[in-house]
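Student: Could you pick one part of this model and take me through it closely? I'd like one connected account rather than a list.

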Amino acid sequence: MWIIGQLIFFYRCVIPKLRSFAIGNQWLYIRLLGTIPAPLVFGAVIDATCQIWSDTCDGSGSCRVYDHHQMALYLLALGLCAKSLSTLFFCLAWLFYRPPDYCGLHKTDTEAMMLAVVDHELSADLSVNNKIGSESETPMQGTIKILDSS
């Protein structure tokens with residue numbers, strides 16, 4: 001459920017032309033920050049709750065007895081810290097978010113769609129008026145200009 005909200009939030013923050021690139025970068029950072037340090041951090045937290053270590057010849061052994069109550073508290077605290085940081089960064093993103101600037105104008109989706117339809121109708125009318133008698137273009141072949149900076 002959280003991933004869908006995150007993707008919708010992400011889609012609204014990125015210019016449509018750069019969405020696939022931005023999603024690729026997002027998943028790269030998620031994989032780098034989630035799969036590499038997380039096992040090390042959780043392993044250190046679990047090892048911190050060990051009460052009795054087994055002895056081996058080289059000095060390093062495995063844990064025989066864990067303090068389950070302490071482990072539960074540490075893992076809860078670690079999860080709460082991670083969720084709190086995530087919520088903090090989402091709130092900061094919401095606070096500092098500025099809508100993408102399409103052609104120097106801030107437009108809603110409805111306004112942009114209406115302008116595209118009007119432009120399409122004007123282009124079709126101009127093409128008909130400029131090429132009366134020409135069979136190469138029909139009245140509905142006007143161009144739709146998408147509001148983009150390129």
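Tutor: Start with the contacts: among those in the protein chain with a separation of 6 or more, 44% join residues 24 or more positions apart. Keep in mind that this is a predicted model. As for burial, 12% of the 150 residues in the protein chain count as buried. The secondary structure adds up to five helices and two strands, and reading from the N terminus the order is α-α-α-β-β-α-α.

The part I'd zoom in on is helix H3, residues 37-48, together with what it packs against, helix H4, residues 68-96. Two packed helices are described by the angle between their axes and the distance between the axes. For H3 and H4, that angle is about 155 degrees and the axes are 9 Å apart. Since an angle over 145 degrees counts as roughly antiparallel, that is the label for H3 and H4. As for handedness, H3 and H4 make a right-handed crossing. On the H3 side, the contact is made by Val41, Phe42, Val45, Ile46 and Ala48, and on the H4 side by Met71, Tyr74, Leu75 and Leu78. Sort that contact by class and you get nine nonpolar residues, with no polar and no charged ones.

Now pick out one of those residues, Phe42, which sits in helix H3. Set aside residues up to four places away in sequence, and Phe42 touches Leu75 and Leu78. Phe42 and Leu78 are 36 residues apart along the chain, and their C-alpha atoms are separated by 8.4 Å. So is Phe42 buried or partly exposed? Its relative accessible area is 39%, so Phe42 counts as partly exposed, buried being under 20%.

Step just past H3 and you get to Thr49, in the loop between H3 and strand E1 (50-53). With a relative accessible area of 1%, Thr49 is buried, because that value is under 20%. Beyond its neighbours within four places in sequence, Thr49 is in contact with Val65, Tyr66, Asp67, Gln70, Met71 and Tyr74. Two of those names, Met71 and Tyr74, also turn up on the H4 side of the contact with H3. The side chain of Thr49 also reaches back towards H3: one of its polar atoms lies 2.7 Å from the backbone oxygen of Ile46.

Carry on along the chain to Ser62, in the loop between E1 and strand E2 (63-66). Ser62 is partly exposed, with a relative accessible area of 46%. Not counting neighbours within four places in sequence, Ser62 is in contact with Ile52, Trp53 and Ser54. There's a link back to this region too: Ser62 and Asp47 are 15 residues apart along the chain, with their C-alpha atoms 9.1 Å from each other.

Finally, look at the other end of H3, where helix H2 (residues 19-35) comes in. H2 and H3 pack at an angle of about 25 degrees, with their axes 4 Å apart. An angle under 35 degrees counts as roughly parallel, so H2 and H3 fall in that group. Here Leu32, Leu33, Gly34 and Thr35 of H2 meet Pro37, Ala38 and Pro39 of H3. By class, that contact of H2 with H3 comes to five nonpolar, two polar and no charged residues.

Technical notes
Residues numbered from 1 in each chain as written. Predicted model: local features only at pLDDT ≥ 70, side-chain atom pairs only at ≥ 80, totals over all residues. Heavy atoms only, no water. Axes fitted to C-alpha atoms, helices over the stretch in contact; angles between N-to-C directions. Parallel < 35°, antiparallel > 145°, perpendicular 65-115°, else oblique. Left-handed = near helix turned anticlockwise from the far one by under 90°. Contact = heavy atoms within 4.5 Å. Nonpolar A, V, L, I, M, F, W, Y, C, P; charged D, E, K, R; others polar. Buried < 20%, exposed > 50% of the residue type's maximum accessible area, 1.4 Å probe, protein only. Polar contact = N/O pair within 3.5 Å; in protein donor to acceptor, adjacent residues only side chain to side chain.
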